[in-house]
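Visitor: I would like a close look at a single part of this model, please. Could you walk me through one of its sheets and the charged residues around it?

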Amino acid sequence: NMVSRNGLPNGEQIPQWHQVLYDGLIFPASPDTFNDPFDCEFVLENNFLNSRTAREILIKQLVTMCPLTETEKNSLRNGIDLEKDLKAILWNYYRKTSKGIASIMLREMGVAMHEIKNALRVACFSADNRSILMWSHYAQNHKGFCIEYDFNELEYKDYLKPVQYVEKRPFVAGNFADTKEPGAGEIIFSTALYKSSEWSYEQEWRIIATKIEIPFPEYKGRALIYPLKNYITAVYLGAKADEKFEKELCTHYQGTSVKVYRMQMQTDCYKLQPVQIQ
């Protein structure tokens, strides 16, 4: 694929792999493009309706329907049994129960959680360069390449975290929206680090941000981007990579500190072994 260099709208058109490998640019992706439908699909705990945030949303909805007194507002804010208080208020005004409003609120929060997912941008890496499945899925059936990075000096390496592989889906705490601290978003980010144990072979690490974050001023106005060229230490060619492609990479990295390897199929087992060619 041809892409615009540095993501500029009218920039120089270059092959996408040049952008990733030669320029070292990583454009984190939206979870909507991922092949796992559960990925970053957040689920709220059932106790959300008891959170302070939910209670305030509920009060705002109710005051548009009926003239709540301050006493009624306070009972909704501070009452131990929200459902009981809500039922009493609605029965007093409308002779109705609270079931309808509760379901509406949960549906609205589901929409809000999906909007949060859409705002996320994720850069994915792997700790394993020998996985046959990874080469098959993400490197053109072993014809592409794998980049090795050394992130020890990465200025935002604290944002690089391993994915946790589990059997049961984690829930976003029902009171997540009550926190006003700067790190409140970490609750969402941490939930985006869980995947089904069926994906454990990927040994994935992630840098998670939102599409509105611009970590580097020089890229302001462009897509969210991570310039990682200075952290590339080696390139691994697939076992089925074209010899012309191999020659081009060796020429490009000749005289640099970046090593070039080719993955070799073992004859005595179903494994790949990297062999240095430059």
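Visitor: To begin with, which residue in β9 does Ala123 stand opposite?

Guide: Happy to take you there, with the reminder that this is a predicted model. Ala123 stands opposite Ile207 of β9. That pair belongs to the antiparallel pairing of β4 with β9, which runs over seven bridges.

Now let us widen the view to the sheet. It is an open sheet of three strands, ordered β4-β9-β6, and the pairing is antiparallel. β4 (120-126) and β6 (160-162) stand at the edges with a single partner strand each, so one side of each has no neighbour in the sheet. From one strand to the next, the twist averages 35°. An edge position does not leave β4 uncovered: five of its seven residues are buried, so the rest of the structure largely encloses it. On the other flank, β6 and β9 (residues 204-210) pair in the antiparallel sense over three bridges. Here Lys161 has Arg206 of β9 as its bridge partner.

Arg206 is a good place to leave the sheet and follow the charges. Side chains of opposite charge can pair when their charged atoms come close. Arg206 forms a salt bridge with Asp39, with the closest N and O atoms 2.5 Å apart. Since Arg206 lies in strand β9 and Asp39 in the loop between β3 and α2, the pair ties together parts that are 167 residues apart in sequence. Both Arg206 and Asp39 are buried, and for Asp39 the relative accessible area is 2%. Leaving out residues up to four places away in sequence, Asp39 touches Pro31, Phe34, Lys117, Ala192, Lys195 and Arg206. The salt bridge is also part of a network that links Asp39, Lys195, Glu202, Glu204 and Arg206.

Lys117, one of the residues touched by Asp39, has a salt bridge with Glu41, where the closest N and O atoms are 2.7 Å apart. This pair also links distant parts of the chain, with Lys117 in helix α5 (residues 99-119) and Glu41 in the loop between β3 and α2, 76 residues apart. Lys117 is buried, at a relative accessible area of 5%, whereas Glu41 is partly exposed, at 34%.

Asp36 is found in that loop too, between β3 (25-26) and α2 (52-63). Asp36 is buried yet has no salt bridge. Its nearest side chain of opposite charge is Lys195, 4.9 Å away, and a salt bridge would need a nitrogen and a carboxyl oxygen within 4 Å. What does the side chain of Asp36 make a polar contact with? The partner is the side chain of Trp199, at 3.2 Å. In addition, a polar atom of the Asp36 side chain lies 3.0 Å from the backbone nitrogen of Phe38. Setting aside residues up to four places away in sequence, Asp36 touches Lys195 and Trp199. Lys195 thus appears twice in this tour, as a contact of Asp36 and as a member of the salt-bridge network with Asp39.

To place this corner in its setting, the protein chain has eight helices and 13 strands, and 39% of its 278 residues count as buried. Across the whole structure, a search finds 11 salt bridges.

Conventions: Residues numbered from 1 in each chain as written. Predicted model: local features only at pLDDT ≥ 70, side-chain atom pairs only at ≥ 80, totals over all residues. Heavy atoms only, no water. Helix = DSSP H or I, 4+ residues; strand = E, 2+ residues; numbered from the N terminus. Buried < 20%, exposed > 50% of the residue type's maximum accessible area, 1.4 Å probe, protein only. Lys, Arg positive; Asp, Glu negative; His and termini not counted. Polar contact = N/O pair within 3.5 Å; in protein donor to acceptor, adjacent residues only side chain to side chain. Contact = heavy atoms within 4.5 Å. Pairing = 2+ DSSP bridges. Axes fitted to C-alpha atoms, helices over the stretch in contact; angles between N-to-C directions.
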